[in-house]
Amino acid sequence: ELLYTAQAALPADIYIRDAEQKDLIKASKILTDAFFSQNMSTIPLEWANSYYSLKDSLSNTGARYCMLVVCKKSDGSVVAICEVDARQSKSPTENDIPRPFLCNLAVDGRERKRGIARVLVEICENRASGWNSSHLHLRVKQKNVVATEMYERIGYRIDGAYAEPFVRGP
């Protein structure tokens, strides 16, 4: 099992590793809670979409893709997830998405404000640089003020060329 380290301080009670199939149920819940409405009638569908999307991505991993999870040392439970992808898109509609890009970065609500997202971004930046890329791209909704402020604090800037702007790393 490959564990990841970063220069940014990682809370002592957690660790980061590559995601496995067993992580997808909890990771899907974290994504659903972080990104989707809390409309009780749509949550099951949103969770299922997240789960099957993650499952598909995990089954198609390659040299230019990784899915990471953050886990508690005490019981191994997943508290955060993110992906970084530099693979060629299979869909012609996604060919204009800059790569590598970071996506699905989400932290369990009870674990936020501990620096976990910052550490995940750093690890993804390191992975992208290992793929000979000078930039890491991401897309964040402008109304997600907490996320946009965090990305700006760590040196990202808005690239207004996209409908939901990508933020490009230094």
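Student: Which residues does L58 touch, leaving out those up to four places away in sequence?
Tutor: This is a predicted model, and in it L58 touches A19, E20, Q21, L24, Y65 and M67. What counts as touching is heavy atoms within 4.5 Å.

Student: Where does L58 sit, and how far is its C-alpha from that of E20?
Tutor: L58 lies in helix α2. The C-alpha atoms of L58 and E20 are separated by 7.6 Å, though the two residues are 38 apart along the chain.

Student: Why is L58 called buried?
Tutor: Its relative accessible area is 17%. Buried means under 20%. The value falls under the cut-off, so L58 is buried.

Student: What makes the packing of α1 against α2 oblique?
Tutor: Take the angle. Helix α1 (residues 24–35) and helix α2 (residues 43–59) pack at about 125 degrees, with their axes 8 Å apart. Roughly perpendicular runs from 65 to 115 degrees, and roughly antiparallel starts over 145. The angle fits neither class, so α1 is oblique to α2.

Student: Which residues make that contact?
Tutor: From α1 come L24, I25, A27, S28, K29, L31 and T32. From α2 come I43, E46, W47, S50, Y51, L54, K55 and L58. By type, the contact of α1 with α2 has nine nonpolar residues, three polar and three charged.

Student: What is the handedness of the crossing?
Tutor: α1 passes α2 in a right-handed crossing.

Student: S28 is on that list. Why is S28 called buried?
Tutor: Its relative accessible area is 0%. Buried needs a value under 20%. That settles it: S28 is buried.

Student: Where is S28, and which residues is it in contact with?
Tutor: S28 is in helix α1. Leaving aside neighbours within four places in sequence, S28 is in contact with W47, S50, Y51 and L54.

Student: How many aromatic pairs are there?
Tutor: The count is three. One of them is Y51 with Y52, so let us test that pair: the centres of their rings are 5.1 Å apart and the planes stand at 85 degrees.

Student: What makes Y51 and Y52 a pair, and why is the pair called edge-to-face?
Tutor: Two steps. Centres must lie within 6.5 Å, and 5.1 Å passes. Planes over 60 degrees apart count as edge-to-face, and 85 degrees is over 60. Therefore the pair is edge-to-face.

Student: Which residues form a cluster through ring pairs?
Tutor: W47, Y51 and Y52 are linked into a cluster.

Student: Are Y51 and Y52 buried or exposed?
Tutor: Y51 has 14% relative accessibility. That is under 20%, so Y51 counts as buried. Y52 has 53%. That is over 50%, so Y52 counts as exposed.

Student: Where is E111, and what does it touch?
Tutor: E111 lies in the loop between β4 (101–107) and α3 (116–130). Not counting residues up to four places away in sequence, E111 touches K72, V79 and I116. E111 and V79 are 32 residues apart in sequence, and their C-alpha atoms are 6.9 Å apart in space.

Student: How do you know that E111 is buried?
Tutor: Its relative accessibility is 10%. The cut-off is under 20%, so E111 counts as buried.

Student: What is notable about the phi of N104 and of K113?
Tutor: Most residues other than glycine have a negative phi. N104 is not a glycine, yet its phi is positive, about 55 degrees. K113 is also a residue other than glycine, and its phi is near 70 degrees.

Student: Where are N104 and K113?
Tutor: N104 is found in strand β4. K113 lies in the loop between β4 and α3.

Student: Why is N104 called partly exposed, and K113 exposed?
Tutor: N104 has a relative accessible area of 25%. That lies between 20% and 50%, so N104 is partly exposed. K113 has 75%. That is over 50%, so K113 is exposed.

Student: What makes A147 buried?
Tutor: A147 lies in helix α4 (residues 145–153). Its relative accessibility is 16%, under the 20% cut-off, so A147 counts as buried.

Student: How many helices and strands does the protein have, and what percentage of its residues is buried?
Tutor: There are four helices and seven strands. Along the sequence they follow the pattern β-α-α-β-β-β-α-β-α-β-β. Of the 170 residues, 42% are buried.

Terms used:
Residues are numbered from 1 along each chain as its sequence is written. This is a predicted model: local features need pLDDT of at least 70, side-chain atom pairs count only at pLDDT 80 or more; totals for chains, interfaces and linings use all residues. Side-chain values use heavy atoms; hydrogens and water are left out. Rings of Phe, Tyr and Trp (its six-membered ring) pair if their centres lie within 6.5 Å; planes under 30 degrees apart count as stacked, over 60 as edge-to-face and the rest as tilted. Buried means under 20% relative accessible area, exposed over 50%, partly exposed in between (1.4 Å probe, protein chains only). Axes are lines fitted to C-alpha atoms, for helices over the stretch in contact, and angles run from 0 to 180 degrees between N-to-C directions. Helices (H or I, at least four residues) and strands (E, at least two) are DSSP runs, numbered from the N terminus. Angles under 35 degrees count as roughly parallel, over 145 as roughly antiparallel, 65 to 115 as roughly perpendicular and the rest as oblique. A crossing is left-handed if the near helix is turned anticlockwise from the far one by less than a right angle, and right-handed if clockwise. Ala, Val, Leu, Ile, Met, Phe, Trp, Tyr, Cys and Pro count as nonpolar, Asp, Glu, Lys and Arg as charged, and the others, Gly among them, as polar.
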